[in-house]
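Work through the exercises below with the structure open. Each task is followed by a stepwise solution.

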Amino acid sequence: MRESSARTMDQHTPWHLACVVCDAIYPGLELRYRCECSGTLDVIHDLSKCELTKEKLDLRLGSKKPLDKSGVWRFRELILPLPEETLEQIAATRGEGSTHLYETQTVAQKIGLENLWLKHAGENPTGSFKDRGMTVGMTLAKHIGMTSVACASTGNTSASMASYAALSGLNGIVFIPEGKIAYGKLSQALAYGAKTIQIEGDFDDAMALVQEICNSEGIYLVNSINPFRIEGQKAIGFEILQDLGWNVPDWIVLPGGNLGNNTAISKGILELYEIGIIDTLPRLAVIQAEGANPLFTAWNGGGEMNPIKAETIASAIKIGSPVSWRKSMRGLHALKGVVTEVSDDQIMDAKAIVDAAGIGAEPASCATVAGIRRLVSEGVIKSDETVVGILTGHLLKDPKVVVNYHMNELSNINSKRANAPIRTSADIDEIRRIIRQ
Ligand code: F0G
């Protein structure tokens, strides 16, 4: 292990940290988010000792134990293998995960597929996939004795962190780009009691500032640069496979912003493959908004990622300098991945389809469906392939964009599926006329 001045909890762990760039390794509980060379870090488990089986995992579905009821901690041996008694005492869980996998013909037909499953991560306790990562980040914060936690956010991370910090008795501090996060998310951060700092700048500015503040003030950083957040988010992939009876779909498709979630899914799936729980691999497709597409440009141009100034209606993925781009590309290579981009108009049209199917999700989530539609039309995804799309956040996270869409009040968006409210006087005959139309 490399000598380091960083704080380390003096405890042996069955995992260690490793640099994505130079392979340097660090103790499992060392308080650091980057290597000395500035590369990001991975949690490396000793998979040769992992005794998980499908049968053991399926038995836990019927258990009443809080760790088993959580759709993250059910997979604990592959996530944070602390002793069971320790986890029982400190796991900061709200029963996250165990969200619905919708089999939807309505959406499938409209985008050219025979079968489509949508895994709704917006059905987590705070309404987004972030809860899966946050339960692990917060548990680790407690385990190593931190008292304050912080994150930069386009909204969902802050909502999740604020809730889990409050539950865990930790001080939560969030850095958000002023005026640029959806009200559903801002209201959660305020309501759960986090100190909320609105930065005059965008998410990328907030992300740079929070890293500096956490290092100088001894605050625990719970953005997805924290490798334990990634460990928790792996469970989305685990749960999709368990939902499908451990049958591997042809594709898993999700939106990309800071690129933590696709990093997590590929890491987890490769680990399941290595321990023999699955014997084939799905392909991965990451979808970016056209105005926030640095991974798309780098991946398809075969080069390094260059930061851009991001702009998209899908505020959750309005990110121009994603922290996890290198890890993300590694996973894409391993899972024969593709990266595509979709316009705001395509995102909002896909959203109108997902919403009208009775499922509903926030704009960034629907980049998934817009991206699948594009990849099917280009023949990359075949119409008879099995596709699981991830919806990352709840419809109510961004109610303003929904109402404005249906009122046809969004500039540069063609509200062709608008369902505008019908204004009328309080006149019974007039109402009868409207209903019979
Ligand atoms: N979808 C939603 C709803 C999100 O909130 C995010 C990220 C993403 C997709 C992209 O996921 O960053 O792992 O590639 N939101 C972050 C936040 C950045 O601050 O809430 P990613």
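**Exercise 1. Polar contacts of the ligand**

Task: Find which residues come nearest the ligand, and which backbone atoms lie close to its oxygen atoms.

Solution.
- Step 1. Keep in mind that this is a predicted model.
- Step 2. Collect the shell. There are 20 residues around the ligand. Those that come nearest are Thr154, Gly257, Asn258, Leu259 and Thr392.
- Step 3. Apply the cut-off for a polar contact, a pair of N or O atoms within 3.5 Å.
- Step 4. Take Asn258. A backbone N or O atom of Asn258 is 2.7 Å from a ligand oxygen atom.
- Step 5. Take Leu259. A polar backbone atom of Leu259 is 2.8 Å from an oxygen atom of the ligand.
- Step 6. Take Thr154. Here a backbone N or O atom lies 2.8 Å from a ligand oxygen atom.
- Step 7. Check the burial. Alone, the ligand exposes 470 Å², and the protein buries 99% of that.

**Exercise 2. The shell around the ligand**

Task: State which elements give two or more residues to the shell around the ligand, and sort the shell by class.

Solution.
- Step 1. Look for elements that give two or more residues. They are helix H6 (156-168) and helix H10 (260-274).
- Step 2. Sort by class. The shell has 11 polar, 7 nonpolar and 2 charged residues.

**Exercise 3. Enclosed space**

Task: Say how many cavities of 30 Å³ or more the structure holds, then describe the largest and the second largest.

Solution.
- Step 1. Count. The structure holds 4 such cavities, of 30 Å³ or more.
- Step 2. Size the largest cavity. Its volume is about 290 Å³.
- Step 3. Identify the occupant. The largest cavity is the space taken by the ligand.
- Step 4. List the lining of the largest cavity. It comprises 26 residues, and Phe129, Lys130, Asn258, Ala316 and Ile317 lie nearest the centre. H6, helix H9 (227-243) and H10 give two or more residues to this lining.
- Step 5. Sort that lining. It has 14 polar, 9 nonpolar and 3 charged residues.
- Step 6. Join two results. Asn258 is among the residues nearest the ligand, and also among those nearest the centre of the largest cavity.
- Step 7. Turn to the second largest cavity. It holds about 60 Å³ of space. Its lining includes Glu30, Arg32, Tyr33, Leu140, Tyr220 and Phe228. By class, 8 of the lining residues are nonpolar, 2 polar and 2 charged.

**Exercise 4. The largest pocket**

Task: How much space lies in the largest pocket, and which element gives the largest share of its lining?

Solution.
- Step 1. Read the volume. The largest pocket has about 500 Å³ of space.
- Step 2. Find the centre. Of 21 lining residues, Gly179, Lys180, Ser315, Asp398 and Lys400 lie nearest the centre of the largest pocket.
- Step 3. Assign elements. Strand E7 (171-177), helix H7 (183-191) and helix H15 (399-406) each supply at least two residues of the lining. H15 gives the largest share, 4 residues.
- Step 4. Sort by class. The lining of the largest pocket has 10 nonpolar, 6 charged and 5 polar residues.

Technical notes: Residues are numbered from 1 along each chain as its sequence is written. This is a predicted model: local features need pLDDT of at least 70, side-chain atom pairs count only at pLDDT 80 or more; totals for chains, interfaces and linings use all residues. Side-chain values use heavy atoms; hydrogens and water are left out. A residue is near a molecule or strand if one of its heavy atoms lies within 4 Å of it. A polar contact is a pair of N or O atoms within 3.5 Å; within protein, one must be able to donate a hydrogen and the other to accept it, and residues adjacent in sequence count only if both atoms are side-chain atoms. Accessible areas come from the Shrake-Rupley method with a 1.4 Å probe; for residues, only the protein chains shown count as cover. On a 1 Å grid over the protein atoms alone, a cavity is a set of points where a 1.4 Å probe fits but cannot get out, and a pocket is an open set with protein on both sides within 12 Å along at least five of seven lines; lining residues have an atom within 4 Å of a point. A molecule sits in a cavity or pocket if more than half of its atoms lie within 2 Å of its grid points. Ala, Val, Leu, Ile, Met, Phe, Trp, Tyr, Cys and Pro count as nonpolar, Asp, Glu, Lys and Arg as charged, and the others, Gly among them, as polar. Grid points are joined across faces, edges and corners, and a volume is the space filled by probe spheres set on the points.
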